[in-house]
Amino acid sequence: MADHAAKLQKKAPDSVFMGTRVRVFSNVRRYLDLFLKLTPSLNKMKGAGDDTNNNNQSTTLSKLFNAKWHVFNFISYFLLFGCGLSVGVILSFHLKNISLDLHTQLSLTSRSSSPSLAMAPPQPSDSPVETISDDGAQYGLNDFLEPPEAMHGMDDAQLLWRASMIPRIAQYPFNRVPKVAFLFLTKGHVSLAPLWEKFFKGYKGMYSIYIHSNPSFNLSKAAEPQGSVFHGRRIPSKQVRWGHVSMIEAERRLLANALMDFSNQRFVLLSEACIPLFNFSTIYAYLMNSTQSYIEAYDKDSPVGRGQYNEKMSPHITIDQWRKGSQWFEMDRELALEVVSDQFYFPLFQSYCANACYSDEHYLPTFVTMKFTPKNSNRTLTWVDWSRAGIHPVTYLRPLVTVEFLKALRHGSQCEYNGQSSNICYLFARKFSTDSLIRLLRFAPKVMYFNK
């Protein structure tokens, strides 16, 4: 079909050209016949002129000569015009014929090559993709998913950038067991570590531990013994001052380290003086089934509330948006990513929340209330006793730790959980001294139902 169409396109210009050429030469022939018919008449006019006088003869010859000359000029110009027209027509159709041939060839070429453009992309292979290094070692998905060691060489800028990466595909291409990340913000070692050892026993692979302590303690030899759940879980840290913005920097540092493990789904901040009020399975189910995060936030018109607001934060943060709340938070992965990625509100606290402004009690409550109110339960999961006046909560020594007291902490409140009323409102409690550890270990199997 394509060859037949090409032949028809070639024949069409040739037939048009032939018709035009016949018409041109037909017109030229008619004018030549006219010239030949005029020639006898001119000869007759010349013979008749011999009978006239000499004056009339010269006049007649002059007129005849002029008539011949005009006819000759007319025929010459017409012949030149006809030749030029013929040459133009020939060149025009010749070039058009070349263009049509070229168009036909291109059309046929595009038709023959179009199936390759419409080919379906190759199907992905079922075999895992691996990268082979120069030394011949193979790297697969597990190498990418493996979080770096807790003690790494990244600075804060590199750490926050690395932690802020978000996979755009929600479905995980591996068997993911969601974990709870326990973030310990301490001065030194975890003083109640034996209680936590009992808490974590038997649940390996369902939790992660990260410890941010004083840098000088990290360099000491007072590290956790090998075999402990806390061994090797200290992260690169910096000096932290109580009530200072460095406290928030340490919290963001803990979150960022935990986010590098894709399996960490829930994140809870604790101190060395915190204890769990329930066993691991209860706390794990409570957090994993929760539809909200737990950051306490409230508006308090007092020197420790609105009195700590700095007008230089306006208009980005107004006094009506200023909130106060507990430092001890629990949040899901989505909110944790927002916190470590915040490059707008956190610098305002670094610049304008100082001296009498306790940033650890204002940054998260304000930031979450402004940006993520629907995702927040507006309460904390860590029980703290502020019944005594002062800037520090009550510390519970050994005599104050009883079975009745622990049971009251577990079920002595009413709150809302996933839209339903619940008497489990606190999963953790503080502040417990080191000397209370003996009683806590004794009561744990009876009250918290820890594994023996």
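Trainee: Let's start with two helices: is the crossing where α4 passes α7 left-handed or right-handed?
Mentor: Keep in mind that this is a predicted model. Helix α4 takes in residues 156–163 and helix α7 residues 246–259, and their axes come within 8 Å. Look at how α4 passes α7, and the crossing turns out to be left-handed.

Trainee: What word describes the way α4 lies to α7?
Mentor: Start from the crossing angle of the two axes, which is roughly 50 degrees. The roughly parallel class ends at 35 degrees and the roughly perpendicular one begins at 65, so an angle between those limits falls in neither. That makes α4, relative to α7, oblique.

Trainee: How many charged residues are in the contact of α4 with α7?
Mentor: On the α4 side you'll find Asp-156, Leu-159, Leu-160 and Ala-163, while α7 brings Arg-252, Arg-253, Ala-256, Asn-257 and Leu-259. Sort them by class and you get five nonpolar and one polar, and the number of charged ones is three.

Trainee: On to the sheets. In the open sheet of four strands, what is the order?
Mentor: The pairing in this sheet is mixed. Its edge strands are β4 (207–212) and β7 (330–332), each of which pairs on one side only. With those two at the ends, the order reads β4-β3-β5-β7.

Trainee: Which residue in β4 is the bridge partner of Leu-183?
Mentor: Leu-183 falls in strand β3, residues 179–185. Six bridges join β3 to β4, and the two strands run parallel. Follow the bridge from Leu-183 across to β4 and you land on Tyr-210.

Trainee: Which helix packs on that sheet, touching β5 and β7?
Mentor: Look along β5 (264–271) and β7 for a helix at residues 333–341. Its direction makes about 100 degrees with that of β7. That helix is α9.

Trainee: How do α9 and α11 lie to each other?
Mentor: Helix α11 is residues 363–371, and its axis is 12 Å from that of α9. The two pack at an angle of about 110 degrees. They are therefore roughly perpendicular.

Trainee: Which residues of α9 make the contact with α11?
Mentor: The crossing of these two helices is right-handed. From α11, the contact uses Tyr-363, Leu-364, Phe-367 and Val-368. The α9 side is made by Leu-335, Glu-338 and Val-339.

Trainee: Which residues in α10 meet α11?
Mentor: Helix α10 (residues 345–352) packs against α11 at about 145 degrees, with the axes 11 Å apart. On the α11 side the residues are Tyr-363, Thr-366, Phe-367, Met-370 and Lys-371. Facing them from α10 are Tyr-345, Phe-346 and Phe-349.

Trainee: Now the sheet of three strands: why is one side of β6 and of β8 left without a neighbour in the sheet?
Mentor: The order here is β6-β11-β8, with mixed pairing. β6 (275–276) and β8 (382–383) stand at the edges, so one side of each stays free because each has a single partner strand.

Trainee: What is the bridge partner of Ile-275 in β11?
Mentor: β6 and strand β11 (residues 428–429) run antiparallel. Two bridges join them. The one from Ile-275 leads to Ala-429.

Trainee: What is omega for the cis peptide bond that joins Arg-430 and Lys-431?
Mentor: Most peptide bonds are trans. You can find Lys-431 in the loop between β11 and α13 (437–448). There the cis bond has an omega of about 25 degrees.

Trainee: And where is the place of Pro-315?
Mentor: The peptide bond from Ser-314 to Pro-315 is cis, with omega near 5 degrees. To locate Pro-315, go to the loop between α8 (280–288) and β7.

Trainee: What is phi of Asn-355 near?
Mentor: Asn-355 is found in the loop between α10 and α11. Phi is positive there, in a residue other than glycine. The value is near 60 degrees.

Trainee: Last one: what pLDDT does the protein chain average?
Mentor: Scores stay under 50 over residues 1–18, and under 50 again over residues 41–61. Still, 67% of the residues score at least 70. The chain average is 78.

Terms used:
Residues numbered from 1 in each chain as written. Predicted model: local features only at pLDDT ≥ 70, side-chain atom pairs only at ≥ 80, totals over all residues. Heavy atoms only, no water. Pairing = 2+ DSSP bridges. Contact = heavy atoms within 4.5 Å. Axes fitted to C-alpha atoms, helices over the stretch in contact; angles between N-to-C directions. pLDDT = per-residue confidence, 0-100. Parallel < 35°, antiparallel > 145°, perpendicular 65-115°, else oblique. Left-handed = near helix turned anticlockwise from the far one by under 90°. Nonpolar A, V, L, I, M, F, W, Y, C, P; charged D, E, K, R; others polar.
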